[in-house]
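Me: I am new to this structure and would like a close, connected look at one part of it, namely the sheet of chain A and the way its surroundings are arranged. Please explain each term as it comes up.

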Amino acid sequence: MDTRYTYYPGCSLHATGIAYDKSMRAVFKKLGSELSELEDWNCCGATAYMSVQKTVAFAVSARNLALAEKTGDDVVAPCSACYYALKHTREGMQGDPELRVQVEEALAAGGLEADLSVEVRHPLEVLLTDIGIPRLVEAQTHSLDQFRPACYYGCQIVRPFGAVDEDPELPMSMENLFTALGARPVDYPPKVRCCGGMLVATMPEVATELSTDLVDWAVAREANCIVTVCPLCQSNLDLINVTKGGNGVSHQLPVLYFTQLIGLAIGCTPEEVGMQHALIPPAAEAPPVRGEPLTIAGLREG
Amino acid sequence: MKTLDPLAGPIAPGVLSKTEQELRTAFLEEIDRIPGGGRLNQCIQCGTCTASCPVSHAMDITPRQVIAMFRAGAIEELLESRTIWLCASCYHCTLRCPAQIQVTDLIYALKRIAIEEGIFPKRFPVHVMSETFTKNVKRYGRNYEVGLLLRYFLRTKPLGLFAQRRAGYALWRHGRIKLRPDKIKNIEQLQKIIAKAETFDLPQEKVAREKVTAAVGYESIGR
Ligand code: SF4
Ligand code: SF4
């Protein structure tokens, strides 16, 4: 299959979310899909820009859409905030002719134009729809049966635009996916609650409270890792392991990206999926169902 | 108008202070540009937004009260509240509102007006984050996490930097901190786009306001 996508990493995946970047590339490569990074992409505008100026936020974001139209492939944005910002820009321009004219004029000042022909998609949805669970199971080389993930979706991929077509209050796509790959996801009621987002910098007390609560829930449900879809969720929850939550208890619970688990299941090495960047590496191993065992040492050392 | 005294809203029914009138105008213009923004008058004050909000316990004015206070003509208090800067934009209120009110986007509109008018809660410089962020993007085209946090803390609470040191060290040790900002190649192009777009964010004509005022049914206190 020669599916091609334009990859929009966003600022976080080049720094704190480096493991997400590595595992995305590794998984897509293994599955034979081409992921080519958007040439000279800029910041998506994210939540902070929206607070300051509206048209500018749309225009900044739209430059990426305009650049992506050169190849015409769907844009894949792994960070929930980028996914939301790009999607919001596309839909906002489509729904508001006045805004569209203004943004087009702004783009024209930079010699660009956007006809909004490319879709903005989240990798979870791409893997579930374009590849599909049956093909992932077919590609599986290692069992995930030692993993009991708490699947955490967070906010902006479920609402206001659901990336995957399902109940926004109770998404189940990751649970279904990981069950199919042999893992045993736990029931995790706060799966769509907010991790605190950027409040981690501006109002750390409040953000820590939210993140600690999410980790506590996972521990109470006897999960042995939390699986996230967003770099900000991942670092907020991962840092609870270091800074200790509001209750002073440090659970040492690994917080992974869903692409890292998929990667392990289809035979990418722990290094390839960036396991060395997790503050707490998972204690569970992925034994082979066919092929070679993974060098679990890499997994353990972190 | 510094207190949260409900009586500090309209001076008398249908009469607003000058600041309040100006802020109201700015807000109505802002919400005119939000799809469905005019639905504000459909709020039934059910409190679903507040109940769904993960940070409402830390807010001085809850999301439901935000709508109520706007209708009561107390935008100045809203702009001075911690609430608008506490909102993490998680969209839970918007998802669940039975009247399909775009609560999150309305809070964004309030943030924009607060920045434009320079009205902020005292000793609570969260807006600095947004402003530093936009400066970063103008300069580099990308957001540089380390630079963003450094500048933010130095401007607001240098001691906060010390409190964050363990987190910073852990991330650095695991190769997750970049020591140099990324700069896009065609930064001139982005700057031209931003400069042009900025011209559209200047205060709009009064005509738009008349339209919205009538549409949301606030004739009595709207002007
Ligand atoms: S949920 Fe909607 S209708 Fe209910 S109080 Fe909030 S904004 Fe008003
Ligand atoms: S979007 Fe803001 S106001 Fe609404 S529920 Fe989330 S944090 Fe609360």
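What follows starts with the basis of the model, then turns to the sheet, two backbone details and the domains.

Reply: This is a predicted model, in which local features need pLDDT of at least 70 and side-chain atom pairs count only at pLDDT 80 or more, whereas totals for chains, interfaces and linings use all residues. Residues are numbered from 1 along each chain as its sequence is written, chains are lettered from A and ligands numbered from 1 in the order in which they are written, and side-chain values use heavy atoms, with hydrogens and water left out.

In chain A, 4 strands form an open sheet in the order S2-S1-S3-S4, and the pairing is parallel. S2 and strand S4 (120-121) of chain A stand at the edges with a single partner strand each, so one side of each is left without a neighbour in the sheet. Strands here are DSSP runs of E with at least two residues, and helices are runs of H or I with at least four, both numbered from the N terminus; two strands pair if DSSP finds at least two bridges between them.

Strand S1 of chain A, residues 4-7, is joined by 4 bridges to strand S2 of chain A, residues 34-37, and these two run parallel. S1(A) is also joined by 3 bridges to strand S3 of chain A, residues 74-76, again in parallel. Thr6(A) gives a view of both pairings: its bridge partner in S2(A) is Ser36(A), while in S3(A) it stands opposite Val75(A). As a general point, side chains in a regular strand alternate between the two faces of the sheet.

The connection from S1(A) to S2(A) involves helix H1 of chain A, residues 18-30, and together S1(A), the helix and S2(A) make a right-handed β-α-β unit. Right-handed here means that, with the strands pointing away from the viewer, the path from the first strand over the helix to the second runs clockwise.

Beyond S2 of chain A, Asp40(A) is found in the loop that leads to helix H2 (46-52), and its phi is near 55°, a positive value in a residue other than glycine. Another backbone detail is the peptide bond from Arg159(A) to Pro160(A), which is cis, with omega near 0°; Pro160(A) is found in the loop between strand S5 (149-151) and helix H8 (173-180) of chain A.

For the wider setting, the domain assignment of chain A gives domain 1 (4-121) and domain 2 (133-277), with bounds that come from an automatic or database domain assignment. The C-alpha centres of these two domains of chain A lie 24 Å apart, and the contact between them takes 24 residues from domain 1 and 28 residues from domain 2, where contact means heavy atoms within 4.5 Å. The area buried between domain 1 and domain 2 of chain A is about 2100 Å², with carbon and sulfur atoms giving 70% of it; buried area is the accessible area (1.4 Å probe) that two parts lose on being put together, summed over both.
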